[in-house]
Amino acid sequence: MSVQEHMANAERPVEWVEPEQLPWSCPPSNGDLWDMHPRVFLHFDEHDEVSCPYCGARYRLKNE
């Protein structure tokens, strides 16, 4: 990932994911058709955050 891509992803808003919604995939099922890419299941890191390798969407898991 280039520096420009990394900075652009860092500026994207974080979308919150409820634990009940796991396993999580991107794009979400409620996404717009024009914004679709191949589905990829995402695994949250030790900080409960992950970004999509296709579109850079950022997700954070809500703690209980």
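A residue counts as buried when its relative accessible area is under 20%, as exposed when that area is over 50%, and as partly exposed in between. The model on screen is a predicted one. The tour starts with a residue to which the first cut-off applies.

**Stop 1: arginine 58**

Select arginine 58, which sits in strand β5. Its relative accessibility is 15%, so arginine 58 counts as buried. Now add glutamate 49 to the selection. The side chains of arginine 58 and glutamate 49 are joined by a polar contact of 3.2 Å. The pair also qualifies as a salt bridge, with 3.2 Å from N to O.

**Stop 2: arginine 60 and the network**

Keep glutamate 49 selected and add arginine 60. These two side chains form a salt bridge as well, at 2.4 Å from N to O. Glutamate 49 belongs to strand β4 and arginine 60 to strand β5, so that the pair links distant parts of the chain, 11 residues apart. Is arginine 60 buried or partly exposed? With 25% relative accessibility, arginine 60 counts as partly exposed. Show the three residues together: Glu49, Arg58 and Arg60 make one network through salt bridges that share partners.

**Stop 3: glutamate 18 and lysine 62**

How many salt bridges does a search of the whole structure find? The count is 3. One of them has not been visited yet, so select glutamate 18 and lysine 62. Their closest N and O atoms are 3.1 Å apart. Glutamate 18 lies in the loop between β1 and β2, while lysine 62 lies in the segment after β5 (58–61), so this salt bridge ties together parts that are 44 residues apart in sequence. Glutamate 18 is partly exposed at 29% relative accessibility. Lysine 62 is partly exposed too, at 35%.

**Stop 4: the sheet**

Switch to a cartoon view and colour β1, β5 and β4. These 3 strands form an open sheet in the order β1-β5-β4, and the pairing is mixed. Which strands are at the edges? They are β1 and β4, each of which pairs on one side only. On average, neighbouring strands of this sheet are turned by 30 degrees against each other, direction ignored. Strands of a sheet pair through backbone hydrogen bonds, either parallel or antiparallel.

Look at one side of β5, then the other:

- β1 and β5 run parallel and are joined by 4 bridges. Select valine 17 to find its bridge partner in β5, leucine 61. Glutamate 15 stands opposite tyrosine 59 in β5.
- β4 and β5 are antiparallel, paired over 3 bridges. Select serine 51, whose bridge partner in β5 is arginine 58, the buried residue of the opening stop.

Follow the chain from β4 to β5. The two strands form a hairpin with 6 residues between them. Glycine 56, in the turn, has a positive phi of about 80 degrees.

**Stop 5: the nonpolar core**

Select Val17, Trp24, Cys26, Val40, Leu42, Phe44, Val50, Cys52, Ala57, Tyr59 and Leu61 and show their side chains. These 11 residues make up the largest nonpolar core. Which elements give two or more residues to this core? They are β2, β3 and β5.

Within this group, centre the view on leucine 42. Apart from neighbours within four places in sequence, leucine 42 is in contact with Trp24, Ser25, Cys26, Val50, Ser51, Cys52, Pro53 and Tyr59.

**Stop 6: backbone details in the loops**

Select leucine 22 and proline 23. The peptide bond from leucine 22 to proline 23 is cis, with omega near 0 degrees. Proline 23 is placed in the loop between β1 (14–17) and β2 (24–26).

Go on to cysteine 26 and proline 27. A cis peptide bond joins these two residues as well, and its omega is about 0 degrees. Proline 27 is in the loop between β2 and β3 (40–42), whereas cysteine 26 is among the core residues of the previous stop.

Finish at aspartate 48, in the loop between β3 and β4 (49–51). Aspartate 48 is not a glycine, yet has a positive phi of about 60 degrees. What is the relative accessible area of aspartate 48? The value is 22%, so aspartate 48 is partly exposed.

Conventions
Residues numbered from 1 in each chain as written. Predicted model: local features only at pLDDT ≥ 70, side-chain atom pairs only at ≥ 80, totals over all residues. Heavy atoms only, no water. Buried < 20%, exposed > 50% of the residue type's maximum accessible area, 1.4 Å probe, protein only. Salt bridge = Lys/Arg side-chain N within 4 Å of Asp/Glu carboxyl O. Pairing = 2+ DSSP bridges. Axes fitted to C-alpha atoms, helices over the stretch in contact; angles between N-to-C directions. Polar contact = N/O pair within 3.5 Å; in protein donor to acceptor, adjacent residues only side chain to side chain. Core = buried A, V, L, I, M, F, W, Y, C linked by side-chain atoms within 4.5 Å. Contact = heavy atoms within 4.5 Å.
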